[in-house]
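Hi everyone, thanks for coming. I'd like to walk you through one structure today, stop by stop, so please have a look at it with me.

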Amino acid sequence: MTNPLLESHVLPPFSAIEASHVEPAVSQIINESRTYLQNLLANLSRPSWEALVAPLEEQGDKLDQAWAPVSHLNAVRNNDDLRQAYNASIALLTEYGTELSQNEQLYKAYQQLADSEEYKKLSQAQKQAVDNALRDFRLGGVALSDEKKKRYGEIQQRLSELSTQFSNHVLDSTQAWFKHFENASDLAGLPDSALAQAAQTAQKKSLDGYVITLDFPSYYAVAMYADNRELRKEIYTAYVTRASNNSQKVNVDGKVEFTNEFSNTEIIAETLALRHELAQLLGFNNYAERSLATKMAQSTHQVLEFLQELAKKSKPYAQQDYTELKNFAASKGCADLQAWDTTYYSEKLRVEKYSISQEELRPYFPAEKVISGMFDVVSRLFGIQVRHLSDFDSYHPDVRFFEIYKDGAHVASFYLDLFARENKRGGAWMADARVRRNTTKGLQLPVAFLTCNFTPPVGDTPSLLTHDEVTTLFHEFGHGIHHMLTQIDVAAVSGINGVAWDAVELPSQFMENWCWEPEAIPLISGHYQTGESLPQSLLDKLLAAKNFQSGLQMLRQIEFSLFDFRLHAEYDPKNPHTAQEVLHQVRREVAVVQPPEFNLFENSFSHIFAGGYAAGYYSYKWAEVLSADAFSRFEEEGIFNSATGESFLREILQQGGSKTPMELFTNFRGREPSIDALLRHSGIEVHSNFIEEDAV
Ligand SMILES: [Zn+2]
């Protein structure tokens with residue numbers, strides 16, 4: 001029996017991969033890797049790059065090559081068999097990862113290399129890879145006593161299980177609820193695109209009429225547009241209680257019942273306790289300190305100060321935003337603005353104030369036009385060409401495949417999976433399928449998975465994006481080019497590898513800027529019926545509306561960041577506060593809007609409980625400072641200035657994790673980052689006398 005995951009492929013052999021291949025392949029590669037490492041260490045007389053790091057990188061890449069498509073399929077084409085195989089393999093991978101990071105002999109070999117004369121002759125990227133490896137060994141507990149090592153391994157294993165359970169609960173809980181309507185009039189207010197989507201969802205469930213779900217596009221359309229206040233409250237309640245002790249599911253009779261079967265409450269408590277214990281095992285005071293060990297930020301104090309500074313600057317603006325919204329809602333007959341009204345009235349206010357709606361913009365942003373325009377943008381900035389390939393091994397008919405060329409040479413490839421569908425995880429993200437590196441057979445080119453959850457084409461109407469979705473696409477493509485345009489050949493620091501978490505959003509948020517630029521709009525927009533690009537009048541409104549409620553939005557992100565950071569920094573095992581308590585405390589201090597008591601959004605806050613953002617959610621804001629400041633150089637020198645683009649490509653995109661983010665940033669910007677550009681872009685001026693003038 002052959003197993004495609006055990007074969008070497010330039011691209012993942014999707015059509016041949018079955019769930020039954022997963023665990024045997026992962027387990028076989030891990031076992032081979034164990035033996036390989038043993039032999040290598042046994043025969044190692046003098047650790048050098050060629051004798052130690054290069055062969056291990058080669059072996060490690062086998063595992064990455066097998067795992068990348070599995071992990072991707074689990075996210076975009078999930079089913080019970082695959083999920084089971086995935087979970088079983090995650091356990092093996094975690095165990096192996098822990099074993100590697102606690103291999104003292106291997107650690108000593110790296111240490112010997114770092115102390116040797118040869119180290120001095122290594123390239124910058126190689127040195128950084130060795131330094132990172134040593135840091136990670138220490139973080140992996142290699143210096144611990146045997147007893148503590150054992151405990152460390154147990155904790156890691158359990159944390160990994162908890163993280164997988166957390167995200168499965170969110171997915172299951174999201175899918176457990178839906179609501180069926182016979183008539184479009186029941187969904188009054190919803191735009192045609194959302195209605196068509198709801199009708200399509202109904203068809204898939206073999207129902208007449210319309211079905212709304214908790215998938216984000218469906219939820220959001222109702223929250224934003226449904227005139228029926230009770231319905232908004234109903235879907236809001238179901239949405240913000242997902243994966244809680246009080247989450248909702250629709251039973252076989254179509255009735256809603258409450259359940260705790262998807263609850264993440266206990267999972268959160270256990271996760272926090274274990275993270276704290278883990279951090280202390282390693283000699284840190286708390287998990288926030290542990291998190292910062294691999295980040296650009298230097299101390300928990302620095303992060304808290306950074307967030308509090310931003311909160312202080314934004315709060316008056318947020319307060320003003322909220323007062324304006326409340327007054328507006330009251331003028332429309334809603335005197336007691338509730339959480340399920342804010343999105344609805346915000347959109348109405350935005351339309352009235354700027355007479356522009358996301359829906360109105362959709363026709364100008366057909367996905368095809370946006371994609372080709374985005375490729376034009378990067379072509380002008382970085383001198384690259386993107387070519388579509390129709391012949392490739394796919395995993396779903398929606399998926400497209402592209403190759404990137406620079407100076408006539410093929411440098412990278414990527415898969416683009418744009419549309420929301422069943423059994424696909426919500427949100428948008430970039431993941432690597434192949435990393436750029438030197439192999440014994442030559443250069444391996446980087447390959448990326450770009451995934452979004454946009455509204456698919458409905459009938460004869462092509463997929464039309466809101467401007468928010470356009471921005472999301474640019475964001476993910478920014479991650480993509482960071483991974484794909486790298487010139488670093490050392491896997492550990494190539495592309496997004498080895499890049500500090502709080503700097504990894506720099507290229508992605510940076511790319512979003514082009515969605516707002518008058519010079520770029522004609523490239524990325526074109527009415528799907530007339531081909532007319534977004535008219536200047538609409539663009540002016542869009543720009544005027546850009547900072548609509550930016551104070552509220554900024555504060556909301558700071559709230560999430562402070563919640564996450566304090567949850568980990570202030571954890572006290574003798575008196576552990578629940579996540580809900582910490583959240584309330586943070587909100588009391590910084591928020592201007594208090595959500596209802598039953599809002600348990602933290603139970604579906606996958607970023608910090610099932611993603612890599614634990615005590616790191618602040619990274620978004622941190623990186624926004626970097627990206628806004630980097631973009632301000634383009635504002636000064638021209639947004640399509642190819643020399644500036646070339647400089648960004650050379651100093652940032654191509655460098656991966658081969659140098660510290662601070663070095664890369666200062667090389668590009670000529671100085672250290674400043675928060676001024678971000679505040680200016682958000683309409684929050686640095687030296688403003690706003691507070692004195694407008695405080696209520
Ligand atoms: Zn991102």
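**A walk through the model**

Let's start with F401, which counts as buried because its relative accessibility is 1%. Before I go on, a quick reminder that this is a predicted model. You'll find F401 in strand β6. What does F401 touch, once we leave aside its neighbours within four places in sequence? The contacts are L11, R387, H388, L389, F392, S413, F414 and Y415. Have a look at L416 as well: L416 and F401 are 15 residues apart in sequence, and their C-alpha atoms are 6.1 Å apart in space.

Now to the part I suspect many of you are waiting for, the metal. Which residues coordinate the zinc ion? There are two histidines, H475 and H479, each through NE2, and then E505, which appears twice, through OE atoms. The distances run from 2.1 to 2.7 Å. Along the sequence, the donor residues follow the spacing H-x3-H-x25-E. Two of them, H479 and E505, link distant parts of the chain: H479 is in helix α17, residues 467–484, while E505 is in the loop between α17 and α18, the latter being 506–512, and the two are 26 residues apart. Are H479 and E505 buried or exposed? Both are buried.

And why is the site called irregular rather than tetrahedral? The angles among the 4 donor atoms of the zinc ion go from 53 to 140°. Four donors count as tetrahedral only if all angles lie between 85 and 135 degrees, so a site with this spread is not tetrahedral and is put down as irregular. If you work with metal sites, please keep in mind that water is not among the atoms, so sites may look incomplete.

Next, let's move on to the open spaces. The second largest pocket has a volume of about 630 Å³. It is lined by 32 residues, and the closest to its centre are S8, H9, D61, Q65 and Q444. Where does the lining come from? At least two residues each are supplied by α1 (19–42), α2 (49–76), β6 (400–406), β7 (409–419), β9 (437–439) and β10 (442–444). You'll recognise β6 as the strand that holds F401. Of these contributions to the second largest pocket, the largest share is from α2, with 5 residues. As for chemistry, the lining of this pocket divides into 13 nonpolar, 10 polar and 9 charged residues.

There is also an enclosed space to show you. How many cavities of 30 Å³ or more does the structure hold? The count is 1, and the largest cavity has a volume of about 60 Å³. Its lining is made of P4, L5, E7, H9, P12, P13, Q65, A66, P69 and R434. Here too α2 comes up, giving the most to the lining of the largest cavity, with 3 residues. By type, the lining of the largest cavity has 6 nonpolar, 2 polar and 2 charged residues. If H9 and Q65 sound familiar, they were named a moment ago among the residues closest to the centre of the second largest pocket.

Two more buried residues, and then we go to the loops. S247 lies in strand β3, residues 247–250. S247 is classed as buried because its relative accessible area is 0%. Leaving aside neighbours within four places in sequence, S247 is in contact with S173, T241, R242, E257, F258, T259 and F262.

The other one is E651, in helix α25, residues 642–651. With a relative accessible area of 17%, E651 falls under the 20% cut-off and therefore counts as buried. Beyond its neighbours within four places in sequence, E651 is in contact with L664, N667 and F668.

Last stop, the backbone. Phi of S206 is near 55°, a positive value in a residue other than glycine. S206 is found in the loop between α8 (192–204) and β2 (210–213). Is S206 buried or exposed? At 69% relative accessibility, S206 counts as exposed.

N423 has a positive phi too, near 65°, and is again a residue other than glycine. N423 sits in the loop between β7 and β8, where β8 spans 429–434. Its relative accessibility is 33%, so N423 counts as partly exposed.

That's my tour, and I'm happy to take questions.

Technical notes. Residues numbered from 1 in each chain as written. Predicted model: local features only at pLDDT ≥ 70, side-chain atom pairs only at ≥ 80, totals over all residues. Heavy atoms only, no water. Donors = N, O, S within 2.8 Å, 3.2 Å for Na, K, Ca; no water. Tetrahedral: all angles 85-135°; square planar, octahedral: opposite > 155°, others 65-115°. Helix = DSSP H or I, 4+ residues; strand = E, 2+ residues; numbered from the N terminus. Buried < 20%, exposed > 50% of the residue type's maximum accessible area, 1.4 Å probe, protein only. 1 Å grid on protein atoms, 1.4 Å probe; cavity = no way out; pocket = protein on both sides within 12 Å on 5 of 7 lines; lining within 4 Å. Points joined across faces, edges and corners; volume = space filled by probe spheres on them. Nonpolar A, V, L, I, M, F, W, Y, C, P; charged D, E, K, R; others polar. Contact = heavy atoms within 4.5 Å.
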